[in-house]
Amino acid sequence: MSPIGKTFAALKCRGRGGFIPFITAGDPDIATTELLLIELAAAGADIIELGVPFSDPVADGETIQRASERALRNGVTLRDALACVRHAKKHVDVPIVLFSYFNPLLKFGEERLAKEAKQAGVDAILVTDLTPEEAQPWIEILVQRELDPIFLVAPTTSDKRLKEIARQSRGFIYAVSRAGVTGARDQMTDDAEALVKRVRSVSDLPVAVGFGISTAEQVRQVWHFAEAAVIGSAIVREIEKLGKSPDLVKRVAEFARSLLEPKETSQ
Amino acid sequence: MQKSQIMRSEPDEHGHWGKFGGRYVPETLVAPLEELSEEFTRARHDNDFWRELNQLLRDYAGRPTPLFHAERLTARAGGAQIYLKREDLLHTGAHKINNAMGQVLLARRMDKRRVIAETGAGQHGVATATVCALFGLRCIIYMGAEDVRRQALNVFRIRLLGAEVITVNAGTRTLKDAINEALRDWVTNVHDTYYLLGSALGPHPYPLMVREFQSVIGREAREQILSASGKLPRALVACVGGGSNAIGLFHPFIADEQVRLIGVEAGGRGDSLGEHAARFHTGANSGGGRVGVLQGTMSYVLQDPNGQIATTHSISAGLDYSAIGPEHAFLHDNGRAEYIRSSDTEALEGFRLCAKLEGIIPALETSHAILPAIQVARELPQDDAIILNLSGRGDKDVHLVADLKK
């Protein structure tokens with residue numbers, strides 16, 4: 001069983017939902033990203049998604065677009081993101097999902113990436129603009145290196161494709177809560193729950209729900225029907241707000257904790 | 001790849017020309033793209049669809065466009081006869097309406113009431129706003145802030161036609177960023193929105209579909225040149241941004257191996273990355289000659305060594321784009337088409353030459369192809385002919401050229 005598989009098995013034993021924060025590598029700088037990985041794990045992250053900055057993030061809303069821009073202004077590359085994982089993994093063993101658009105990976109070289117990502121301690125890779133139809137030989141390359149290929153499913157995904165995506169996925173399935181780009185929203189729709197039900201009918205893999213989840217209440221809502229909640233823009237927005245503040249890492253970790261323990265935030 | 005396949009240049013059922021093309025998109029867009037593919041396939045085999053489209057292109061857009069024998073440009077070249085395919089005479093002033101009209105009929109068949117589009121030079125924005133006005137559809141045009149500035153006349157035209165222009169301030173604030181924003185809109189509003197993409201780019205089925213709607217240029221030109229000169233031309237020359245006017249002219253000639261297909265990219269103001277929009281430019285530090293994935297398709301993409309998409313520069317907004325349509329990438333790699341580049345300065349010279357010698361003010365995009373056409377004609381005997389695709393008229397650029405003279 002992969003580290004991600006073990007994580008979900010442990011969560012099931014404890015009867016708890018999973019918490020998956022997302023941050024962009026190099027935002028606000030790569031040294032802080034390394035500390036954030038460590039402190040987010042300490043704050044209760046079960047898995048962390050690490051975004052590779054890209055110049056043209058079509059699936060992302062403004063918050064993550066800006067994070068990508070900040071990281072690129074810092075000259076952060078895929079190689080830096082991998083180094084960051086390697087360093088952080090000396091301190092924590094939280095599973096890491098690399099979250100990227102396809103072009104930077106393609107440029108790096110698919111074989112080389114799989115090898116170096118595995119060595120750095122990455123556990124899975126999700127490529128936002130890569131569907132299983134275009135993902136050969138990508139999937140085999142990952143599986144050979146014991147990396148989990150993770151794919152997205154969306155409310156618009158047909159049952160036929162859902163089955164195929166589930167067949168190609170390892171670790172977990174990432175369900176996009178609603179049609180749209182990433183970004184915090186006030187309301188959850190019923191789309192997410194309906195989608196997760198459809199995934200259940202074709203797969204035994206755990207399901208993580210993301211896109212638009214930003215509050216402790218929404219995290220709990222998701223835990224009623226899925227194994228884990230992904231929180232991206234809400235955390236990235238905190239990082240943006242804190243800017244170069246010296247206690248950024250501490251306060252982002254506090255924010256993460258508040259998503260897990262709602263009572264502390266009501267003070 | 002079989003030779004017969006190259007000579008037909010047809011993609012497989014998933015939109016791949018060899019390794020190029022395909023559908024690299026966020027999952028949410030797969031379903032609407034499949035729906036669009038199915039509707040396009042049905043329409044493609046539906047005689048009523050083509051009857052209606054052809055009638056609209058004739059009565060509303062002004063097809064067929066003339067093939068004009070440009071005698072003074074020919075005299076200047078001193079070689080083969082130069083013919084101009086006058087797409088600039090179409091309603092709205094460029095070839096863009098061929099595609100916009102075809103796609104708006106699809107939007108109507110699919111019962112989508114909200115149409116979105118990106119635009120660079122503004123010609124596709126104007127064409128889309130026009131056909132939406134004609135059919136009473138809501139229309140939203142995304143345009144980069146830099147293009148809004150340099151193509152102010154077209155922004156005004158789009159608004160006059162009842163469409164909304166959304167200025168995009170992200171990234172390089174040009175065509176690429178307008179496409180990103182249009183894709184984000186589409187991913188959010190998939191249920192009621194039709195994305196009317198303007199070039200032979202993006203995820204399948206757009207490159208194929210846009211080519212099919214633009215191939216009317218080449219079909220007409222082929223008949224016209226045969227009746228004018230009794231034989232096929234030796235070469236076709238067209239500017240290439242995304243590549244829709246070029247592929248529209250080239251495609252009906254692909255099996256005619258003796259006809260050279262020459263695409264002209266924007267050489268901008270220099271050879272280094274960021275100074276041009278020549279995707280096939282393999283010079284040192286040019287950033288060209290690299291295969292990548294941008295905005296849904298695999299093709300040649302200008303990018304840095306880390307796979308970040310490069311900024312581009314061209315005097316013409318319509319050519320100022322980091323990637324090229326996947327079918328061009330395919331025709332480049334199999335050698336069927338050739339791609340060269342013209343600088344900003346050469347484009348301006350072509351612009352003035354065409355105005356003075358033929359009384360035709362071409363778009364700055366089109367202007368890139370004029371000096372290369374003269375060069376190609378010069379090397380051929382006088383009893384041969386070449387066709388230059390005069391893809392758009394230059395009214396929109398007069399202001400910009402006047403400012404440069406100051």
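This is a short tour of a predicted model, going from the interface between chains A and B to the cores and then to a helix of chain B.

**Stop 1: the interface**

Start by selecting whatever in chain A touches chain B, and the reverse. You should have 33 residues of chain A in contact with 35 residues of chain B. Together the two chains bury about 2700 Å², with 54% of that on carbon and sulfur atoms. Now pick out A:Val58, A:Lys107 and A:Glu134: this trio supplies 22% of the area that chain A buries against chain B, more than any other three residues.

Next, go for the charges. There are two salt bridges between chain A and chain B. To see a salt bridge up close, show the side chains of A:Asp56 and B:Lys176, which meet at 2.7 Å, N to O. If you switch on polar contacts too, expect 19 residue pairs between the chains, both partners at pLDDT 80 or more.

Which elements of chain A each supply at least two residues of the side that touches chain B? Colour helix H3 (62-73), helix H5 (102-108), strand S6 (152-153) and helix H8 (159-168). Helix H5 of chain A gives the most, with five residues. Colour that side of chain A by residue type and you get 17 nonpolar, nine polar and seven charged residues.

**Stop 2: a threonine in H3**

Stay in chain A and zoom in on A:Thr63, which sits in helix H3. Is A:Thr63 buried or exposed? It is buried, because its relative accessible area is 14%, below the 20% cut-off. Setting aside neighbours within four places in sequence, A:Thr63 is in contact with A:Ser233, A:Val236 and A:Arg237.

**Stop 3: the cores**

Now for the inside. The largest nonpolar core has 102 residues, and B:Leu106, B:Tyr194, B:Tyr195 and B:Ile387 have the most contacts inside it. Centre on B:Tyr194 and show what surrounds it: leaving aside neighbours within four places in sequence, its contacts include B:Leu36, B:Leu106, B:Met110, B:Ile116 and B:Met209, but also B:Gln103, B:Lys112 and B:Arg114. Another core, of 78 residues, lies apart from that one; among its members are A:Ile23, A:Ala81, A:Leu98 and A:Val199. As background, nonpolar side chains tend to be buried together in soluble globular proteins.

**Stop 4: helix H13 of chain B**

Last selection: residues 326-333 of chain B, helix H13, where six of the eight residues are buried. The buried ones are B:Pro326, B:Glu327, B:His328, B:Ala329, B:Phe330 and B:Leu331. Just after helix H13 of chain B, click on B:Gly335, which takes a positive phi of about 85 degrees.

Definitions and conventions:
Residues are numbered from 1 along each chain as its sequence is written. Chains are lettered from A and ligands numbered from 1 in the order in which they are written. This is a predicted model: local features need pLDDT of at least 70, side-chain atom pairs count only at pLDDT 80 or more; totals for chains, interfaces and linings use all residues. Side-chain values use heavy atoms; hydrogens and water are left out. Contact means heavy atoms within 4.5 Å. Buried area is the accessible area (1.4 Å probe) that two parts lose on being put together, summed over both. A salt bridge is a side-chain nitrogen of Lys or Arg within 4 Å of a carboxyl oxygen of Asp or Glu. A polar contact is a pair of N or O atoms within 3.5 Å; within protein, one must be able to donate a hydrogen and the other to accept it, and residues adjacent in sequence count only if both atoms are side-chain atoms. Helices (H or I, at least four residues) and strands (E, at least two) are DSSP runs, numbered from the N terminus. Ala, Val, Leu, Ile, Met, Phe, Trp, Tyr, Cys and Pro count as nonpolar, Asp, Glu, Lys and Arg as charged, and the others, Gly among them, as polar. A nonpolar core is a set of buried Ala, Val, Leu, Ile, Met, Phe, Trp, Tyr and Cys residues joined through side-chain atoms within 4.5 Å. Buried means under 20% relative accessible area, exposed over 50%, partly exposed in between (1.4 Å probe, protein chains only).
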